[in-house]
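This report goes through selected local features of one protein model. The sequence and structure are shown first.

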Amino acid sequence: MLSALIWIPVLGAIAIALLPQSVPNLWARRLALAIALLVLLLLIPITLGFNPDHLEPQFSEYLPWIGVLGLNYHLGLDGLSFPLVLLNGFLTLVAIFCTRAEIDRPRFYFSLILLLSAGAAGAFLAQDLLLFFLFYEVEIIPLYFLIAIWGGGRRGYAAMKFLIYTALSGILVLASFLGLVWASGAKTFDYEPLRHHSLPMEVEMALLIMLLIGLFIKIPIFPFHTWLPDAHVEASTPVSVLLAGVLLKLGTYGLIKFGVGLFFKAWIILAPGLAILATISALYGAFSAIAQQDMKKVVAYSSIAHMAYILLAAAACTPLSMTAAVFQMVSHGLISALLFVLVGVVYQKTGTRDVTILRGLLNPERGLPITGSLMIIGVMASAGLPGMVGFIAEFMVFRATFAIFTIPTLICLVGTGLTAVYFLLMVNRVFFGRLPDNLAAIPRVAFQDHLPSLVLTALLVIFGLQPGWVVRWSENQATDFVVSPELRRTALQDVRSPGFAPPIAPTLSTLSSD
């Protein structure tokens, strides 16, 4: 079942790429939609058979692969990966549906989209560190081509910048994994045995820092973020949906799965520093979003701010904070997907995303009233309006982190308030006011163009009113990544032991107060 989630898109990508030239281009999109829908249908029996009370990976598949490297084909589904696999399958269907039928080189394009989805699914399902790395790197290739070929005017620069940053991210992640296996003396990269290793604190700290820098690039966290705004601005709307909704989650998934799961003692030592870094990243993203004139850049910098809340929750390392981190991943994936889809509609119909040019698009007769209304709902969800999924996700994060990191949490609350500022500035400039004469002939938006936005908007409300439908899948699994008070005390004793000099000096008073 789990292999099917990976290899059906791969086989579908090959089939689309080999379609005869005599077959109309429209069939490439239809076949891609059918494959994405088939993957979603496969997730139904998996959902019905998944037991959130079990902490062990479910639907496990194990096949020895390259014994000399200690690499095994080992897949499994747990409460951490399950919501993200569902998110990946759903947003892949949304991205394909949002792609216009007349796109250039459709066979190559839809093949790359399916390969991108397969790589993300494989990374979420991998229970072998080296297998995770392979899938983590595989998704770089299709995303590079999707930006470089179908991107905007500066697509070459944005694609190359993305490639360099994410390649460096992969190198650091791989170095951390190799160092862990070498230092622990393990014969395999299998995840579960490596969780029970025992390393000197200095070694564990160094490996964790390497891993963190690699994952911070992927998330991205300030100051490793600069590739993301360029990639979003130049990427097409469907690619931005997958980039923000799914691919960034590989970084935050790695923080919990490998950062906390494999290096829990060092994680506790670095936790105060991580909370501070999350605060800086949240404020930086918010203030940067206020200064942007491109609607897509506003949403891109908003992603930097909201992804930082996941780091803050993971740093707290409590049952509630870990559950909140997973829920915030899902929340951000849905909200960012909706906002990018709507920005894409505005750009397609008006030819610009410049907030200094656009005005009055909420005009009920000559504007984009439905698009504007949905944008307002998406903005309210991102700003944390009660009744929306964003409110529940951020409330859970701040409720979980306040007792442990009080000051960083309060500062991040300011960042949440700034979300309302930059999004309301954007909405006020673009959708309210008098529609200028040069925008008087805006083409109408067909119902099928509104359909993805309507479904995403419905999910924002449904999960905002019934968050338990998402939380139940991961709340038990979250306890498996929580560091016990005894382990926290042990970590502090290691720090205070003679001869230990950590690479980063955290604020021990914060740890002691816990």
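## Ring pairs

Tyr-284 is partly exposed, because its relative accessible area of 29% falls between the cut-offs of 20% and 50%. The model is predicted. Phe-222 is likewise partly exposed, with a relative accessible area of 25%. The rings of Phe-222 and Tyr-284 have centres 4.7 Å apart and planes at 40°. This pair counts as tilted, because the angle of 40° is neither under 30 degrees nor over 60. Phe-222 sits in the loop between α9 (201-218) and α10 (227-234), whereas Tyr-284 belongs to helix α13 (residues 264-290), so the pair ties together parts that are 62 residues apart in sequence.

In total, the structure holds 23 aromatic pairs. One of them is formed by Phe-50 and Phe-82, which are stacked at 4.6 Å centre to centre with 5° between the planes. This pair also links distant parts of the chain: Phe-50 is in the loop between α2 (26-49) and β1 (58-66), and Phe-82 is in helix α3 (residues 82-98), 32 residues apart. Both Phe-50 and Phe-82 are buried.

## Ring cluster and charges over rings

Ring pairs also join Phe-124, Phe-132, Tyr-136, Phe-177, Tyr-191, Tyr-253 and Phe-258 into a cluster. Tyr-136, one of the cluster members, has the charged end of Lys-218 over its ring, 4.8 Å from the ring centre.

A charge over a ring is also found at Trp-473, where the charged end of Arg-472 sits 4.3 Å from the ring centre.

## Helix α17

Helix α17 covers residues 389-401. At 1.5 Å a residue its 13 residues should span 18 Å, and the end C-alpha atoms are 19 Å apart, which agrees.

Of the 13 residues of α17, 10 are buried, so the helix is largely enclosed by the rest of the structure. The buried residues are Val-389, Gly-390, Ile-392, Ala-393, Glu-394, Met-396, Val-397, Phe-398, Ala-400 and Thr-401. They pack against α14 (295-316), α15 (319-350), α16 (369-382), α18 (406-431), α19 (447-465) and α20 (468-471).

## Backbone exceptions

Most residues other than glycine have a negative phi, and most peptide bonds are trans. Two cis bonds are described here. The peptide bond from Ile-219 to Pro-220 is cis, with omega near -5°, and the bond from Phe-222 to Pro-223 is cis, with omega near 5°. Pro-220 is placed in the loop between α9 and α10, and Pro-223 lies in the loop between α9 and α10 as well. Phe-222 of the second bond is also the ring partner of Tyr-284.

Positive phi values occur at Phe-59 and Arg-105. Phe-59 is not a glycine, yet its phi is about 55°. Phe-59 is part of strand β1 and, at 28% relative accessibility, counts as partly exposed. For Arg-105, also a residue other than glycine, phi is near 50°. Arg-105 is found in the loop between α3 and α4 (106-125).

## Confidence

The protein has a mean pLDDT of 87, and 94% of its residues reach 70 or more. Over residues 495-514 the pLDDT is below 50. Beyond near neighbours in sequence, the stretch 495-514 has 28 contacts in the model.

Terms used. Residues are numbered from 1 along each chain as its sequence is written. This is a predicted model: local features need pLDDT of at least 70, side-chain atom pairs count only at pLDDT 80 or more; totals for chains, interfaces and linings use all residues. Side-chain values use heavy atoms; hydrogens and water are left out. Rings of Phe, Tyr and Trp (its six-membered ring) pair if their centres lie within 6.5 Å; planes under 30 degrees apart count as stacked, over 60 as edge-to-face and the rest as tilted. Helices (H or I, at least four residues) and strands (E, at least two) are DSSP runs, numbered from the N terminus. Buried means under 20% relative accessible area, exposed over 50%, partly exposed in between (1.4 Å probe, protein chains only). A charge sits over a ring if NZ of Lys or CZ of Arg is within 6 Å of the ring centre and within 35 degrees of the ring normal. pLDDT is the predictor's confidence in each residue, from 0 to 100. Contact means heavy atoms within 4.5 Å. The expected span of a helix is 1.5 Å times one less than its number of residues.
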